Amino acid sequence: MKKVLLLTALIATPSVAEDRFEDIRRIWPTCAACHGTQGQGVSGMPALAGRDADYIISALTQYKNKEQRGALSSLMWQQASLISDGQIGSIGVFVQEEFPAQ
């Protein structure tokens, strides 16, 4: 019986660590269309690379509230309205940690 329980525990235990950014990786391609896959900025759109989490969280929260941050704010209002507050926090950490690989 002990062998069966041990085998069951080994099979049920995930062999790969969970990806804490899994949810963000699903939506990141939309962000990357303008900000680049590594946040470098594309075609004159702002770079995110090198920004800290607080900056990103603050900016996304302001966009979600339809606040003006600059000339391109209206482009971000719709995008920010589609993400949850939890995702905003995760995006901030994802950017601050320099877009970690899975």
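## A tour from tryptophan 28 outward

Begin by selecting tryptophan 28, which counts as buried because its relative accessibility is 8%, under the 20% limit for that class. The model on display is predicted.

Keep tryptophan 28 selected and add phenylalanine 99, which also counts as buried, at 8% relative accessibility. A search of the whole structure finds four aromatic pairs. Tryptophan 28 and phenylalanine 99 make up one of them: the ring centres are 5.4 Å apart, the planes stand at 50°, and the pair is tilted. This pair joins distant parts of the chain, since tryptophan 28 belongs to helix 2 and phenylalanine 99 to the segment after helix 5, 71 residues apart.

Next, add phenylalanine 94. How are the rings of phenylalanine 94 and phenylalanine 99 arranged? Their centres lie 5.5 Å apart and their planes are at 90°, so this pair is edge-to-face. Phenylalanine 94 and phenylalanine 99 are both buried. Bring in Phe21 to complete the group: Phe21, Trp28, Phe94 and Phe99 form one aromatic cluster.

From phenylalanine 21, move to aspartate 19, in the loop between helix 1 (2–12) and helix 2. Is aspartate 19 buried or exposed? Aspartate 19 is buried, because its relative accessible area is 17% and the class covers values under 20%. Display the side chain of aspartate 19 and the backbone of phenylalanine 21: a polar atom of that side chain lies 3.0 Å from the backbone nitrogen of phenylalanine 21.

A contact between a side chain and a backbone nitrogen can also be displayed at glutamine 87, in helix 5. Glutamine 87 counts as buried, with a relative accessibility of 13%. A polar atom of its side chain is 2.9 Å from the backbone nitrogen of serine 84.

Now centre the view on tyrosine 55 and show arginine 51 and arginine 69. Which charged ends sit over the ring of tyrosine 55? That of arginine 51 is placed 4.0 Å from the ring centre, and that of arginine 69 is placed 5.2 Å from the ring centre. Arginine 69 is found in the loop between helix 3 and helix 4. At 32% relative accessibility, arginine 69 counts as partly exposed, a class that runs between 20% and 50%. Select alanine 59 as well: the C-alpha atoms of arginine 69 and alanine 59 are 7.7 Å apart, while the two residues are separated by 10 positions in sequence.

The next stop is the largest pocket, with a volume of about 670 Å³. Which residues should be selected to find its centre? His35, Leu48, Leu60, Tyr63 and Met76 lie nearest the centre, among the 28 residues that line this pocket. Helix 2 (22–35), helix 3 (53–64), helix 4 (73–81) and helix 5 (85–96) are the elements that give two or more residues to the lining. Colour the lining by residue class, and it divides into 21 nonpolar, five polar and two charged residues.

Finally, clear the selections and view the protein chain in full. Its secondary structure comes to five helices and zero strands, and from the N terminus the elements run α-α-α-α-α. Of its 102 residues, 25% count as buried; tryptophan 28, where the tour began, is buried.

Note on methods. Residues are numbered from 1 along each chain as its sequence is written. This is a predicted model: local features need pLDDT of at least 70, side-chain atom pairs count only at pLDDT 80 or more; totals for chains, interfaces and linings use all residues. Side-chain values use heavy atoms; hydrogens and water are left out. On a 1 Å grid over the protein atoms alone, a cavity is a set of points where a 1.4 Å probe fits but cannot get out, and a pocket is an open set with protein on both sides within 12 Å along at least five of seven lines; lining residues have an atom within 4 Å of a point. Grid points are joined across faces, edges and corners, and a volume is the space filled by probe spheres set on the points. Helices (H or I, at least four residues) and strands (E, at least two) are DSSP runs, numbered from the N terminus. Ala, Val, Leu, Ile, Met, Phe, Trp, Tyr, Cys and Pro count as nonpolar, Asp, Glu, Lys and Arg as charged, and the others, Gly among them, as polar. Rings of Phe, Tyr and Trp (its six-membered ring) pair if their centres lie within 6.5 Å; planes under 30 degrees apart count as stacked, over 60 as edge-to-face and the rest as tilted. Buried means under 20% relative accessible area, exposed over 50%, partly exposed in between (1.4 Å probe, protein chains only). A charge sits over a ring if NZ of Lys or CZ of Arg is within 6 Å of the ring centre and within 35 degrees of the ring normal. A polar contact is a pair of N or O atoms within 3.5 Å; within protein, one must be able to donate a hydrogen and the other to accept it, and residues adjacent in sequence count only if both atoms are side-chain atoms.
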